[in-house]
Amino acid sequence: VSLRPSQPCEPYSINTKEVLGGGRFGTVHTCIEKTSGLKLAAKIITARNAKERVSDMALNEIQVMNQLSHPNIIQLYDAFVSKNQVFLILEFVEGGELFERIVDESAPLTELDAMIFVKQICQGIQYMHQMYVLHLDLKPENILCVNRSGYQVKIIDFGLARRYKPRDKLRVSFGTPEFLAPEIVNFDFVSFPTDMWTLGVVTYMLLSGLSPFMGDDDSQTLNNVVAVNWYFDEEAFEHVSPEAKDFISNLLIRERSGRLSATQCLKHPWLNSAKDKAKHSNILLKSQLQLRKYMAKRLWKKNYIAIAAANRFKKISSSGSLTSLGI
Ligand code: ATP
């Protein structure tokens, strides 16, 4: 897929009324390929200010996604640019975010379910790493379910992904504090183990519903990450197997070289014990309850930020300083 200029009559009809999600760079809508009737997702990336060249912003995402084709990774279908917007046409999945699905589910979450999800995330990461791609933003929001009833998950959002070049010492400074590896917070080199740390955080959350480094505010969270200050909450992990705990303990390690790689994870006893169903059918009721609280808090935070931004905008517009800000 290359970034081509938009044609007068695009082959897709984008349903701007149906919003699948939104993030830092734009919104995602459903869309239909006119000739085939195929349902797809359109991620529309808009420049946030006049200085930003939107095609530069999206080019990295396109280049990275072009290299990837795997059942646990969302597929890029097409890409085009129109004025100050880039349209990424993606494979559509209808199951929503993995964590949302878990909290909405009436059936209880078991350790076996968590294991099935983690195994697929690991398979996606293993493939990505074999292709020399670092995702660098593997937070739960970026793990989607293919549908509402099945178990297949896909990794999305390669907006912050990078091609790993062993000779270039890559440093980055972005992401969500609770999921950042210590090397990102310390502005040190990032590499494959950086994604493995985040897998450790996501696995911890799936099994307990708790965010292992979460503090009262972002700076406390970042301090916890840098100090590698985490433990297994006794109550939340009461019914979790020792193999699962061992899996997490081998990922949430300060030393990058000490963390399991994706290939090693897939060989770990925890991810290979699915046959022993009875052993892992323990119900993670506490995790589901805690995840519900976590998701409610996240929604509250998102809404709070949106309202605060709207209020700031109102204040600025009533003080008449809009033009000076170039709005
Ligand atoms: P962020 O600020 O989190 O990095 P972003 O602007 O890069 O967000 P994405 O994370 O790619 O955008 O997508 C935002 C949301 O849109 C996702 O959390 C998801 O709910 C939805 N979404 C994205 N891609 C798809 C898809 N292919 N099929 C269905 N829903 C999708």
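**Notebook: looking around the chain**

I started with contacts: of those in the chain with a separation of 6 or more, 66% join residues 24 or more positions apart. Note to self: this is a predicted model.

Next I looked up the secondary structure, and the chain has 9 helices and 10 strands. Then I checked the radius of gyration, which is 21 Å; the globule rule gives 20 Å for 327 residues, so the chain is as compact as a globular protein of that length. Along its principal axes, the C-alpha trace spans about 60 × 50 × 50 Å. I also looked up burial: 34% of the 327 residues are buried.

**Lys43**

I went to Lys43 since the UniProt record, an unreviewed entry, puts a "binding site" annotation there. I found Lys43 in strand 4, which covers residues 39-46. Is Lys43 buried or exposed? It has 27 other C-beta atoms within 10 Å, and 20 or more count as buried, so Lys43 is buried. Leaving out residues up to four places away in sequence, Lys43 touches Gly26, Val28, Leu88 and Leu90.

**Helix 5**

My last stop was helix 5, residues 192-208. What span should its 17 residues have at 1.5 Å a residue? The expected span is 24 Å, and the end C-alpha atoms of helix 5 are 25 Å apart, which agrees. I checked burial here too: 16 of the 17 residues are buried, so helix 5 is largely enclosed by the rest of the structure. Right after helix 5 comes Gly209, and its phi is positive, near 80°.

Methods
Residues numbered from 1 in each chain as written. Predicted model: local features only at pLDDT ≥ 70, side-chain atom pairs only at ≥ 80, totals over all residues. Helix = DSSP H or I, 4+ residues; strand = E, 2+ residues; numbered from the N terminus. Expected span 1.5 Å × (residues − 1). Buried ≥ 20, exposed ≤ 12 C-beta atoms within 10 Å, placed from the backbone. Rg over C-alpha atoms; globule rule 2.2 N^0.38 Å. Contact = placed C-beta atoms within 7 Å. UniProt positions renumbered as here; feature names shortened; annotations may be inferred.
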